[in-house]
Amino acid sequence: QVQFAESGGGSVQPGGSLRLTCICTGFTFSGYSMKWYRQAPGKEREMVASIAVAGGETKYADSVAGRFTISRDNANYAVTLQMNQLKPEDTGVYFCNAGYWLETPVAAFASWGQGTQVTVSA
């Protein structure tokens, strides 16, 4: 059974930092690219970062490039998202999922975790 457990969210002021972690179970983690998504209030879920199977290649949404860093630990089935210089528009619920390709936002699995809330406000 595929499961994703996201953690690390919280409330921060603009310019602050957070580190999100997602622990994955139920599939062969090292066989998939891994992705972070976010869903802002009233908006559709969007992919913000993606990392290739071996971790050597990454892709970011234009809105977070240069501020967010995705990484993975294949041994521990974990993917992290380091978020720096946070802005109010980064507010939303953050989710992780696997993918077949680095570039596309399509998630490999229909099941999603609960996500972790990130709130950026003064």
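This section describes a four-stranded sheet and the surroundings of Trp112 in a predicted model.

The sheet is open, and its four strands follow the order S1-S3-S8-S7 with antiparallel pairing. Its edges are formed by strand S1 (3–7) and strand S7 (68–73). Each of these two strands has a single partner strand, so one side of each is left without a neighbour in the sheet. From one strand to the next, the twist averages 15°. Strands of a sheet pair through backbone hydrogen bonds, in either a parallel or an antiparallel manner. At the S7 edge, the pairing of S7 with strand S8 (residues 78–83) is antiparallel and comprises six bridges. Within this pairing, Phe68 has Met83 in S8 as its bridge partner.

Trp112 belongs to the loop that lies between strand S9 (92–99) and strand S10 (116–120). The relative accessibility of Trp112 is 29%, and this residue therefore counts as partly exposed, since the partly exposed class lies between the buried limit of under 20% and the exposed limit of over 50%. When residues up to four places away in sequence are not counted, Trp112 touches Phe4, Tyr37, Arg45, Phe95, Cys96, Asn97 and Ala107. A polar atom of the Trp112 side chain also lies 3.5 Å from the backbone oxygen of Ala110. In sequence, Trp112 and Ala5 are 107 residues apart, whereas their C-alpha atoms are 8.8 Å apart in space.

Key: Residues are numbered from 1 along each chain as its sequence is written. This is a predicted model: local features need pLDDT of at least 70, side-chain atom pairs count only at pLDDT 80 or more; totals for chains, interfaces and linings use all residues. Side-chain values use heavy atoms; hydrogens and water are left out. Buried means under 20% relative accessible area, exposed over 50%, partly exposed in between (1.4 Å probe, protein chains only). Contact means heavy atoms within 4.5 Å. A polar contact is a pair of N or O atoms within 3.5 Å; within protein, one must be able to donate a hydrogen and the other to accept it, and residues adjacent in sequence count only if both atoms are side-chain atoms. Two strands pair if DSSP finds at least two bridges between them. Axes are lines fitted to C-alpha atoms, for helices over the stretch in contact, and angles run from 0 to 180 degrees between N-to-C directions.
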